[in-house]
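Thanks for coming. I will go through one model today, from a single loop residue outwards. Please have the viewer open.

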Amino acid sequence: MKIKQVDRETKGHFKIEENGIEAGIMTYTWVGRNVFTIDHTEVKPEYKGRKFGNQLVMAAVDFAREKNVKISPICPFVKSIFEKTTEINDVLLMKRKIIAFAGSNSSKSINKNLVAYTLKAFAEYSVEFLDLNDFEMPIYSFDREQKDGVPEKALAFRKHMADSDAIICSLAEHNGNFSAALKNILDWCSRVDANIFAGKPMLLMTTSSGRFGGGGVMDIAKKSFKIFGASIAETFSLPYFNKSFIDNQIVDVALEAEHSQKIESFKKILQ
Ligand SMILES: Cc1cc2nc3c(=O)[nH]c(=O)nc-3n(C[C@H](O)[C@H](O)[C@H](O)COP(=O)(O)O)c2cc1C
């Protein structure tokens with residue numbers, strides 16, 4: 001049994017042979033210089049049960065260790081080997097987790113659109129995009145709290161924040177302030193303690209159809225989100241949403257440049 005590797009600039013493979021005959025193959029693709037994905041692993045039926053697939057994975061692991069690079073497994077078989085074999089997790093690319101939300105419960109939320117657009121730049125992260133409608137609770141009242149305690153949904157919202165590596169959000173402005181939907185969540189969450197955002201780096205955005213792009217709620221959030229444990233790393237406000245965001249992208253050149261620059265600087269902080 002012999003394993004042969006071909007490594008090209010963008011792609012490569014490991015082939016396993018027995019008596020000069022190909023018994024299986026594992027293909028991979030380079031993603032930048034420091035990571036390769038393992039896309040597919042296949043062992044011919046007549047060689048099944050001989051752990052040839054595992055040997056191909058180990059060849060890739062040895063190669064990654066030698067090159068000091070990481071593996072991002074796409075192939076389900078390789079994923080399962082990584083799950084079962086903790087000793088090889090030193091070469092597994094740990095995807096960092098971003099929690100995202102818009103501070104709006106509107107199904108047509110322009111802030112949701114801005115968050116979705118921003119998340120396109122975070123493809124290398126594992127992303128969870130929350131909908132505030134899934135955290136709708138009765139309006140906070142002291143009496144409700146005394147009677148029933150803090151709702152599970154508030155605890156769940158806090159857990160999402162605490163389990164993330166970073167937070168990306170964009171806030172709707174209602175009369176110069178948070179939407180009632182967000183404020184209610186924050187009020188309930190704060191009854192556990194003020195540290196709702198658990199110190200996670202935050203990209204804080206706002207947008208509205210007006211000329212300040214939600215500047216009023218941005219000013220408020222800059223102060224109160226810090227009290228709520230946010231570490232605000234970057235901020236971005238998009239004015240005149242209806243004119244500056246068309247066909248799912250920022251069309252104003254200067255605003256697009258500012259948005260990209262803020263994302264780059266936020267990503268540097270996350271490294
Ligand atoms: C009750 C209410 C108050 C609003 N107040 C403001 C405001 O103070 N400033 C503003 O720019 N837009 C205001 N708007 C318009 C939009 O809701 C606002 O631009 C918001 O950021 C849109 O976000 P969304 O589509 O993500 O919900 C208000 C809308 C409503 C329904």
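**Notes on a predicted model**

Start at Asn19, which counts as exposed because it has 7 C-beta neighbours inside 10 Å. Keep in mind throughout that this is a predicted model. Asn19 sits in the loop between β2 and β3. Its phi is near 50°, a positive value in a residue other than glycine. As a reminder, most residues other than glycine have a negative phi.

The loop belongs to a hairpin of β2 and β3, with 2 residues between the strands. Those two strands pair in the antiparallel sense over 8 bridges. One register point to check on screen: the bridge partner of Lys11 in β3 is Thr29.

On its other side in sequence, β2 forms a hairpin with β1, and here 3 residues lie between the strands. β1 and β2 are antiparallel too, with 6 bridges. In that pair, Lys4 has Lys15 in β2 as its bridge partner.

Now to the helix α1. Which elements cover its buried residues? They include the strands β1 (2-7), β2 (11-18), β3 (21-31), β4 (35-43) and β5 (70-73), together with the helix α2 (76-84). The buried residues in α1 are Phe52, Gly53, Leu56, Val57, Ala60, Val61 and Ala64.

A check on the geometry of α1, residues 52-67: at 1.5 Å a residue, its 16 residues should span 22 Å, and the end C-alpha atoms are 23 Å apart, which agrees.

There are positive phi values at both approaches to this helix. Lys51, in the loop between β4 and α1, has a positive phi of about 60° although it is not a glycine. Lys51 counts as exposed, because it has 12 C-beta neighbours inside 10 Å. After α1 comes Asn68, whose phi is also positive, near 60°.

Next, the other sheet. It is an open sheet of 5 strands in the order β7-β6-β8-β9-β10, and the pairing is parallel. Which strands stand at the edges? They are β7 (126-130) and β10 (231-238); each has a single partner strand, so one side of each is left without a neighbour in the sheet. From one strand to the next, the twist averages 15°.

Within this sheet, β6 (residues 97-103) and β8 (residues 166-171) run parallel and are joined by 6 bridges. Gly103 stands opposite Leu171 in β8. Helix α3, residues 110-119, packs on the sheet and touches β6, β7, β8, β9 (201-207) and β10, with its direction at about 145° to that of β8. Helix α7, residues 215-227, lies across β8, β9 and β10, and runs at about 175° to β10.

There is a ligand in the model, so what classes of residue make up the shell around it? The shell has 12 polar, 3 nonpolar and 1 charged residues. Of the 16 residues around the ligand, the ones that come nearest are Ser104, Ser109, Asn111, Ala172 and Ser208.

Last, a second loop position. Asp193 lies between α6 (180-190) and β9. Is it buried or exposed? Asp193 is exposed, because 10 other C-beta atoms lie within 10 Å, and the cut-off for exposed is 12 or fewer. To place it on screen, take Lys70 as a reference: the two are 123 residues apart along the chain, and their C-alpha atoms are separated by 38 Å.

That is the tour; I will leave the viewer up for discussion.

Conventions
Residues are numbered from 1 along each chain as its sequence is written. This is a predicted model: local features need pLDDT of at least 70, side-chain atom pairs count only at pLDDT 80 or more; totals for chains, interfaces and linings use all residues. Two strands pair if DSSP finds at least two bridges between them. Helices (H or I, at least four residues) and strands (E, at least two) are DSSP runs, numbered from the N terminus. Axes are lines fitted to C-alpha atoms, for helices over the stretch in contact, and angles run from 0 to 180 degrees between N-to-C directions. Two residues are in contact if their C-beta atoms, placed from the backbone, lie within 7 Å. The expected span of a helix is 1.5 Å times one less than its number of residues. A residue is buried if 20 or more other C-beta atoms lie within 10 Å of its own, exposed if 12 or fewer, and partly exposed in between; C-beta atoms are placed from the backbone. A residue is near a molecule or strand if its C-beta atom, placed from the backbone, lies within 6 Å of it. Ala, Val, Leu, Ile, Met, Phe, Trp, Tyr, Cys and Pro count as nonpolar, Asp, Glu, Lys and Arg as charged, and the others, Gly among them, as polar.
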